[in-house]
Amino acid sequence: MRNIVMGAAALVCAQFVASSALSANLIASVSLSGQTMTVMQDGVVTHEWKVSTARSGYSTPVGSWSAKWLSRDHRSRKYDDAPMPFAVFYNGGYAVHATFETKRLGRPASHGCIRLHPDNAATFFSLTSRYGLSNTRIVVSR
């Protein structure tokens, strides 16, 4: 009987620890069809922003990645030294970053990256810094 009680207690503790670890994540869900990014902190939606993803002739990959690295003042080596401030890289050269073409937010306009208003990109960059790269997930869906 004691083993059953100890086993049940261990199971309850394991579930609590697992759910705590899951709730400690920062998740950015990007909808290509909606051109939006929804940010969840600890399982709670905290932000929903307009984005611009790949325009015709380019693509924004669909999938799920952890954040790989940060660059506050990045410039594109591929596209004429284009500014990519507050860049959160997640898949090779793909990143969530600020754009100064804010009038294009809400519709496809990029070479494949996920563009945000500079204020929103700064917020997401700060959140990613705080939560850590391994605890930040970028999920892109159609």
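**Entry 1: the five-stranded sheet**

I began with an open sheet of five strands, which follows the order β3-β2-β1-β9-β4 and has mixed pairing. I noted β3 (44-50) and β4 (63-66) as the edge strands, each pairing on one side only. From one strand to the next, I find an average twist of 15°. The model is a predicted one, and I read all entries here in that light.

**Entry 2: the β4 edge**

I then looked up how β4 is held to the sheet. β4 pairs with strand β9 (residues 136-141) in the antiparallel sense, over four bridges. For Gly63, I recorded Val140 in β9 as the bridge partner.

**Entry 3: the four-stranded sheet**

I turned next to the other sheet. Four strands make up this open sheet, in the order β5-β6-β7-β8, and here the pairing is mixed. Its edge strands are β5 (69-75) and β8 (114-116), each with pairing on one side only. On average, neighbouring strands of this sheet are turned by 25° against each other, direction ignored.

At the β8 edge, I find strand β7 (residues 94-98) paired with β8 in the parallel sense over three bridges. Within this pairing I located Ala98 opposite Leu116 in β8.

**Entry 4: helix α2**

Which strands of the four-stranded sheet does helix α2 touch? Helix α2 (residues 118-131) packs on that sheet and touches β5, β6 (83-91), β7 and β8. The direction of α2 makes about 45° with that of β6.

I also checked α2 against the five-stranded sheet. There α2 lies across β1 (26-31), β2 (36-41), β3 and β9, and runs at about 35° to β2. I therefore list α2 as in contact with strands of both sheets, given that contact means heavy atoms within 4.5 Å.

**Entry 5: Arg115**

Is Arg115 buried or exposed? I placed this residue in strand β8. Arg115 has a relative accessible area of 11%, and I class Arg115 as buried because the cut-off is under 20%. Leaving aside residues up to four places away in sequence, Arg115 touches Lys50, Val51, Ser52, His97, Thr99, Glu101, Leu105, Ala109 and Ser110.

**Entry 6: the whole chain**

Finally, I recorded the overall figures. I count two helices and nine strands in the protein, and along the sequence they follow the pattern α-β-β-β-β-β-β-β-β-α-β. The protein has 142 residues, of which 39% count as buried. Among contacts between residues at least 6 apart in sequence, 54% join residues at least 24 apart. I noted an accessible surface of about 8100 Å² for the protein, with 56% of it belonging to carbon and sulfur atoms.

Definitions and conventions. Residues numbered from 1 in each chain as written. Predicted model: local features only at pLDDT ≥ 70, side-chain atom pairs only at ≥ 80, totals over all residues. Heavy atoms only, no water. Pairing = 2+ DSSP bridges. Axes fitted to C-alpha atoms, helices over the stretch in contact; angles between N-to-C directions. Buried < 20%, exposed > 50% of the residue type's maximum accessible area, 1.4 Å probe, protein only. Areas by Shrake-Rupley, 256 points an atom, 1.4 Å probe, with all protein chains shown as cover.
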